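This report describes one molecular structure, moving from single residues to helices, charged pairs and the surroundings of a nucleic acid strand. Please keep the sequence and the structure in view while reading.

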Amino acid sequence: MSVTRERLVEVLEEIALLLEIQGENPFKIRAYRQGAEVVSGYDGDIVALARDNKLEGIKGLGDALRDKLHELATTGELEFHKKLRVGYPDSFFDLFELDGLGPKKIAVLNRELKVDSIITLKAACDAGIVAGLPGFGAKTQAKILESLARRVQAAEAFRLDIAVQAAEGILEILRMHPEVLRASVAGSTRRSKEIVRDLDFIVATPKPAELTAFFATQEFAKEVIAQGDTKCSIRLESGMQCDLRAVSNDQYPFALFYFTGSKEHNVAIRSRALKKGWSLNEYAFTGENVPVIRDEADIYRALGLDFVPPELRENRGEIEAADEGTLPRLLEWENLRGTFHNHTTESDGKASLHAMAEGARELGLQYLGIADHSKSSPQANGLSVERLAAQVETIAAWNREHGGKQFRLFAGSEVDILKSGALDFDDDLLATLDFAVASVHNALTLEEDEMTKRIIKAMENPYITMLGHLTGRLLLRRDGYAVNHEKIIDCAAETRTVIELNCNPKRFDMDWRWWHRARDKGVLCSINPDAHSVNQLQFLRFGASVARKGWVRREDVVNTKTLAEMEAWLKLPKGKR
DNA sequence: GCCGTTTTCGGCCCGACTGTTTTCAGTCG
């Protein structure tokens, strides 16, 4: 049984926590934590590299971490970690997820009261003995109890679409306040992360205390967590925490930059400022001859950098590129001219073919690809050979009646990739379609190697235009199936098979972390909403943001082609695309 | 423990808020 990337990350993070408990040098702790980040975000087969002792040159992994990762990847264990863990059960690590509890307090609880799990902590609080500990009091104990209760009822992570929806409503309210000059959402929502933990708002105002008070008393603020003169934290009905920072108009660009993050991006930018002799915090540059700053772009300019779009701020090479002037011109959502992979009532969609077509046209698209499920997905009312043939006719008739140079429907199918890698329809039928999306919907538990071969076999078919939701993940609900991304990307490049960026916010699949690599290999992307209703066509907007996060440019995305270009492109043999 | 176009040693981000304190430690972002 080989070690997974997740396990490597978990071990490094546990080491960081255990060292923290022991009061180790905070920078050593940070090194382990950053090592975990690097392993988690590395776009390549980090497990194989660790196994083969080829981690040399990866920033953030020094001699010590390289050796430890090698030991872990080859033996499945790490002596250093095992020794640290003696006396701490798995349940101990749950304690770190509680609000208001950090390593210092957990260390005290563990040392004084033998607390080593949520259950023993709850018992200690109920018995009232936590309040008597040094550094603890009645309020701390009550807060721990609240936090324990909340952990039970509310998930603390939210999908991007939920976050954006909440943020837009609140932003509108903030902008209507007469003392607000500028306002923006910051944080991971602004960076279009697929999962968001809280919302951050920045407002520029001459009266910050008035704004934090205003924020705390809004109807959406179901609970006020903290309120001061410049900062206010509240919780929404949904359980989502929202932080407001109220700053002066001069401070605004710095606050917006700082709270947009990511933390790693900020640290790197800050050290760049230090090299210029300036210190950078959330309010200003300080030092000799500091430049005048009016907006975020001025901050980057002052440091000799091109403006870095928020989506790219993950410290994955964007600062180097901004320095060299080689940041890509990213896709804009307005560049999308049409889309593929959409369902109708013929399979499991909620809207008719006609309604979907009109919805797409109203959205300003020039074409819409219909791809209902195939016959091996009876749970989704998959189409039989006959029903698909009939649908192709219906689409042709629709185009004759309603289509033209401005808009048309493309006939396709979301063809199941069967367990063997064979497709659910034979080539003769697929050849009658304008396009075909191949997706896995069953036998999700195959070993990685077998799953990869299965998908590759489907991609080798000349009639498969694109690969649907590569991992089948459902964010916050189900992990994706095991599949080797490198091999799939290489195969897509060779066979000229497009890979879908499924922009249904439940999926965002293939993950943004892989697109830069795919793009560099010449793989084309199709941004598809997997829409099951007319409204869901609007997922395209999220698709564009997440594609940007993956460094994707207009020319990397097939559905930026105009209708005429797309018609010509689809007629080309796959190998010539 | 990591890193280096000021470095192989000496740095490594720091401010706001809360609660327990009486001047500050812990947590969070």
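## A buried isoleucine in helix α6

I106 is found in helix α6. The model in which this residue is placed is a predicted one. Is I106 buried or exposed? With a relative accessibility of 1%, I106 counts as buried, because buried means a relative accessible area under 20%.

Leaving aside neighbours within four places in sequence, I106 is in contact with I21, F92, L95, F96 and L101. A186 may serve as a reference point elsewhere in the chain: I106 and A186 are 80 residues apart in sequence, and their C-alpha atoms are 31 Å apart in space.

## A buried histidine and an exposed glutamate

H81 belongs to helix α5, which covers residues 79-85. The relative accessible area of H81 is 4%, and this residue is therefore buried. Residues up to four places away in sequence not being counted, H81 touches R7, V11, E14 and I15.

E237 lies in the loop between β6 (231-235) and β7 (241-247). Its relative accessible area is 65%, so E237 is exposed. When neighbours within four places in sequence are left aside, E237 is in contact with F220 and K222. E237 and E179 are 58 residues apart along the chain, and 26 Å separates their C-alpha atoms.

## Helix α12 and the residue E282

Helix α12 consists of residues 252-260, and eight of these nine residues are buried, so the helix is largely enclosed by the rest of the structure. The buried residues are Y252, P253, F254, A255, L256, F257, F259 and T260. After α12 comes G261, which has a positive phi, near 70 degrees.

E282 is located in the loop between β8 (279-280) and β9 (285-286). Not counting residues up to four places away in sequence, E282 touches Q251, F254, A255, Y258 and F259. Which side chain of opposite charge is nearest to E282? It is that of R245, 5.0 Å away; E282 is buried yet has no salt bridge. The distance can be judged against the cut-off, because a salt bridge requires a side-chain nitrogen of Lys or Arg within 4 Å of a carboxyl oxygen of Asp or Glu.

## Helix α20

Helix α20 (residues 485-495) has eight of its eleven residues buried, so it too is largely enclosed by the rest of the structure. The buried residues are H485, E486, I488, I489, C491, A492, A493 and T495. They pack against α19 (448-459), β14 (466-467), β15 (498-502) and α21 (515-520).

At the start of α20, a side-chain oxygen of N484 comes within 3.0 Å of the backbone nitrogen of E486. The helix is followed by R496, whose phi is positive, near 55 degrees.

## Salt bridges

Side chains of opposite charge can pair when their charged atoms come close. The count of salt bridges in this model comes to 38. One of them joins E20 and R33, with the closest N and O atoms 3.1 Å apart. This pair links distant parts of the chain, since E20 is in helix α1 (residues 5-21) and R33 in helix α2, 13 residues apart. R33 counts as partly exposed, at 31% relative accessibility.

R190 forms a salt bridge with E296, where the closest N and O atoms are 2.8 Å apart. R190 is in helix α10 (residues 187-190) and E296 in helix α14 (residues 296-302), 106 residues apart. Both R190 and E296 are buried. A further salt bridge joins the side chains of R507 and D530, at 3.6 Å from N to O. R507 lies in the loop between β15 and α21, and D530 in the loop between β16 (525-528) and α22 (539-549), so the pair ties together parts that are 23 residues apart in sequence. R507 is buried at 15% relative accessible area, and D530 is buried at 4%. In addition, E194, R473, D511 and R513 are linked in a network of salt bridges.

## The surroundings of DNA strand B

DNA strand B is surrounded by 43 residues, and the closest are R30, G60, G62, G100 and G137. By class, this surface has 15 nonpolar, eleven polar and 17 charged residues. Helix α2 gives the most to it, with five residues.

Of the strand's atoms within 4 Å of the protein, 79% belong to sugar or phosphate and the rest to bases. An N or O atom in the side chain of N25 is 3.0 Å from a base oxygen. A polar backbone atom of K139 is 3.3 Å from a phosphate oxygen, and a backbone N or O atom of Q227 lies 3.0 Å from a phosphate oxygen.

Methods:
Residues numbered from 1 in each chain as written. Chains lettered and ligands numbered in written order. Heavy atoms only, no water. Near = heavy atom within 4 Å. Polar contact = N/O pair within 3.5 Å; in protein donor to acceptor, adjacent residues only side chain to side chain. Helix = DSSP H or I, 4+ residues; strand = E, 2+ residues; numbered from the N terminus. Nonpolar A, V, L, I, M, F, W, Y, C, P; charged D, E, K, R; others polar. Buried < 20%, exposed > 50% of the residue type's maximum accessible area, 1.4 Å probe, protein only. Lys, Arg positive; Asp, Glu negative; His and termini not counted. Contact = heavy atoms within 4.5 Å.
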